[in-house]
Amino acid sequence: MKKIAGKIHQGCAIKAQKLISLDNYKAKHYNCNQDEFYGVHLSSFWGINFHHRASTCGEYPSTIISQTAYCFRKFIFGIFLFIFSLLPCFSYDDFEIANALKLASMQNDIDKRILYTLAKIESNFNPLIISFTAKHTNFHFKNLQKSVKKYKDRYLINFKGSEKELQKALKILLQDKTLKIDVGLMQINNVNFNKSEIPYIFNPSYNTQKATLVLKECIAKKALMKDSIECYNKGFRKVSNFDYYTKFKRVF
């Protein structure tokens, strides 16, 4: 999210899954718990049985080459499935994102369509992302995906990946006081959170609640709707260009 005062920081456009309607609220949660994470049941993954069969690989000399090749392929495929089965634990699914937006809407008495639109503009519903502008592109985190776009006389830089790796990167980036960094689902600017919040700032529920509180502050201090929406992007300073509100109306 954009900081309360200071320069404009355009939201990032990151390709993500299409979010379900907020009206399709589901009470069931899909995030991985620790027991599931540390006790992956390979024998039932996608219906593939990984239990030992009656005959072992290479049991008959006449088929040792083909059996060995089969065992090797099975072993590699098993490793692939194991790694793939862990991936959901490093991300948030559509229901968690939708529920976070709806809950923030209910608790703060703000139309959920407004929050939905802001999340679409800011992060395209991707909670695991860091964005900032800089005069150079010499930022590298080997475990994160980096994208760079030219933005006026600077560069718009995005990093996305697992929550743990983003937290590590954020700690490093915050040491550079010249950077104005936006994080998470609704792109909260670093002027609106402190280092103690890094373990939670990418969580959709926590991130959305903080973003909504800043939006409420804009609503409380601005008389018109378009001023409140523009304030979310540009802060409390007086503006003459309502380009962010124009984008908001188009996406709403």
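Select helices H4 and H7 to start: the two are oblique to each other, a label for angles outside the other classes (under 35 degrees is roughly parallel, over 145 roughly antiparallel, 65 to 115 roughly perpendicular). Helices here are DSSP runs of H or I with at least four residues, strands are E runs of at least two, and both are numbered from the N terminus. The H4–H7 packing angle is about 40°, and the axes lie 12 Å apart; axes are lines fitted to C-alpha atoms, for helices over the stretch in contact, with angles from 0 to 180 degrees between N-to-C directions. Now show side chains: Ile114, Leu118 and Glu122 of H4 meet Met225, Ile229, Tyr232 and Asn233 of H7, where contact means heavy atoms within 4.5 Å.

Before going on, a word on the model. It is predicted, so to speak of local features pLDDT must be at least 70, side-chain atom pairs count only at pLDDT 80 or more, and totals for chains, interfaces and linings use all residues. Residues are numbered from 1 along each chain as its sequence is written, and side-chain values use heavy atoms, leaving out hydrogens and water.

Stay on H4, residues 112-123. Its buried residues include Ile114, Leu115, Leu118 and Ile121, buried being under 20% relative accessible area, exposed over 50% and partly exposed in between (1.4 Å probe, protein chains only). Add helices H3 (94-108), H6 (204-221) and H8 (243-251), plus strand E1: these are among the elements covering the buried residues of H4. Just past the helix, click Asn124, which has a positive phi near 55°.

Next, select E1 (129-134). Six of its six residues are buried, so E1 is largely enclosed by the rest of the structure. Ile129, Ser131 and Thr133 point one way, while Ile130, Phe132 and Ala134 point the other.

Widen the selection to the sheet. It is open, with five strands in the order E2-E3-E1-E4-E5 and antiparallel pairing; two strands pair if DSSP finds at least two bridges between them. At the edges are E2 (145-151) and E5 (188-189), each with a single partner strand, so one side of each has no neighbour in the sheet. Helix H5 (163-173) packs on the sheet, touching E1, E3 and E4, and its direction makes about 25° with that of E1.

Finish with the pairings:

- E1 and E3 share six bridges; Phe132 stands opposite Ile157.
- E1 and E4 share three bridges; Ile130 stands opposite Val183.
- E2 and E3 share seven bridges; Tyr151 has Arg154 as its bridge partner.

Terms used:
The expected span of a helix is 1.5 Å times one less than its number of residues.
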